[in-house]
Amino acid sequence: MRLYHFVNREFGLANLTKRRLKIARWNDLNDPFELAGAIFADKDLRKEMRRIKDEIHAAMGMLCFSKNWRNPVQWSHYADNHRGICLGFDVQDDILQEVDYVPKRIECTLEEIQASSDKETHENLIHVMMATKYIDWHYEQEVRVFSMLKNEDNGLFFQKFDQDVELREVIVGASAQVSRADVAQALGAHAEGVDVCKARLGFNKFEIVRNKDESLWK
């Protein structure tokens, strides 16, 4: 599936140069309800879920993608107000998890969330929570790839571009001070097979589109 990852100018060019994406960590995400999408009226349930979240945070992260690169809100929130870059990848379908956007929080009990009582129920429930977000986030059209933490670099973890996550597009933001030469230098010998373009604001709709007049991008 073709998916998109938004990033600012600095990290976008670094990603291209080093051919990798930073793995997002659970406790660092911008949605405080990540892995907290259940109804937590019970104190013991809250305590157990905090423990589980910390455990998952220490072992696993994720790559966050979107199905759509044309939404201007995405560019504003995740690509430095259109000054950044969007990277398009072909990602293997069997490693993807689409986010489910829901209006109400999940009902569960302490017994269901504890692995010691029913491991299968526990694992299924945790998996559901890992891909559940409040419905107002639906504009992101998010798809996730869960990844064990490895390839550490100064306390951060990365996923190398490979056959599972293959770079196919580089879309430079409408307000980005990124030249063709900047992208070419960052891609280096890996430019073949990667479509590079500059974005612009749509003329008729609230959307971001490809600037077909390539003479406007130096």
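Here are some short exercises, each with a worked solution, on the predicted model shown above.

**Exercise 1. A small sheet**

Work out which strands stand at the edges of the open sheet β2-β11-β10, and why one side of each is left without a neighbour.

*Solution.*
- Step 1: Start with the order. Three strands make up this open sheet, β2-β11-β10, and their pairing is antiparallel.
- Step 2: Now look at the ends. The edge strands are β2 (20-22) and β10 (152-153); each has a single partner strand, so one side of each lacks a neighbour in the sheet.
- Step 3: Zoom in on one pairing. Strand β11 (residues 156-160) is joined to β10 by two bridges, and the two run antiparallel.
- Step 4: Pick out a residue. E152 has F157 in β11 as its bridge partner.

As background, strands of a sheet pair through backbone hydrogen bonds, in either a parallel or an antiparallel way.

**Exercise 2. Following strand β4**

Find out whether strand β4 is mostly covered or mostly open, then trace the strands that pair with β4.

*Solution.*
- Step 1: Check the cover. β4 spans residues 60-66, and five of its seven residues are buried, so we can call the strand mostly covered, taking buried as under 20% relative accessible area.
- Step 2: Take one partner. Strand β3 (residues 24-25) runs antiparallel to β4, with two bridges joining them. Here A24 has M62 in β4 as its bridge partner.
- Step 3: Take another partner. Strand β9 (residues 142-148) pairs with β4 over seven bridges, again in the antiparallel sense. Across this pairing, E142 in β9 stands opposite S66.

Hang on to E142, because that residue comes back below: E142 forms a salt bridge and counts as buried at 7% relative accessibility.

**Exercise 3. Salt bridges, buried or partly exposed?**

For the salt bridges R2 with D90, R83 with D80 and E142 with K133, decide whether the residues are buried or partly exposed.

*Solution.*
- Step 1: Get the overall count. The structure holds 17 salt bridges, and we'll look at some of them.
- Step 2: Try R2 and D90. Their closest N and O atoms are 2.5 Å apart. This pair ties together distant parts of the chain, with R2 in strand β1 (residues 2-7) and D90 in strand β5 (residues 85-91), 88 residues apart. R2 is partly exposed at 33% relative accessibility, and D90 is partly exposed too, at 24%.
- Step 3: Move on to R83 and D80. Their side chains meet in a salt bridge at 3.0 Å, N to O. R83 is partly exposed at 39%, and D80 is partly exposed at 34%.
- Step 4: Return to E142. Its salt bridge is with K133, and the closest N and O atoms are 3.7 Å apart. E142 is buried, since its relative accessibility is 7%, and K133 is buried as well, with 3%.
- Step 5: Widen the view. R2 and D90 belong to a network of salt bridges that also includes E166, R168 and E169.

**Exercise 4. A charged patch**

Which residues gather in a patch of positive charge on the surface, and where does R46 lie?

*Solution.*
- Step 1: List the members. The patch is made of K43, R46, K47 and R50.
- Step 2: Place R46. You'll find R46 in helix α2, which covers residues 43-59.
- Step 3: Check the exposure of R46. With a relative accessible area of 30%, R46 counts as partly exposed, because that label covers values between 20% and 50%.

Notes: Residues numbered from 1 in each chain as written. Predicted model: local features only at pLDDT ≥ 70, side-chain atom pairs only at ≥ 80, totals over all residues. Heavy atoms only, no water. Patch = residues over 30% accessible without salt bridge, like charges linked within 9 Å, V, L, I, M, F, W, Y side chains within 5 Å. Areas by Shrake-Rupley, 256 points an atom, 1.4 Å probe, with all protein chains shown as cover. Salt bridge = Lys/Arg side-chain N within 4 Å of Asp/Glu carboxyl O. Lys, Arg positive; Asp, Glu negative; His and termini not counted. Charge placed at Lys NZ, Arg CZ, Asp CG, Glu CD. Helix = DSSP H or I, 4+ residues; strand = E, 2+ residues; numbered from the N terminus. Buried < 20%, exposed > 50% of the residue type's maximum accessible area, 1.4 Å probe, protein only. Pairing = 2+ DSSP bridges.
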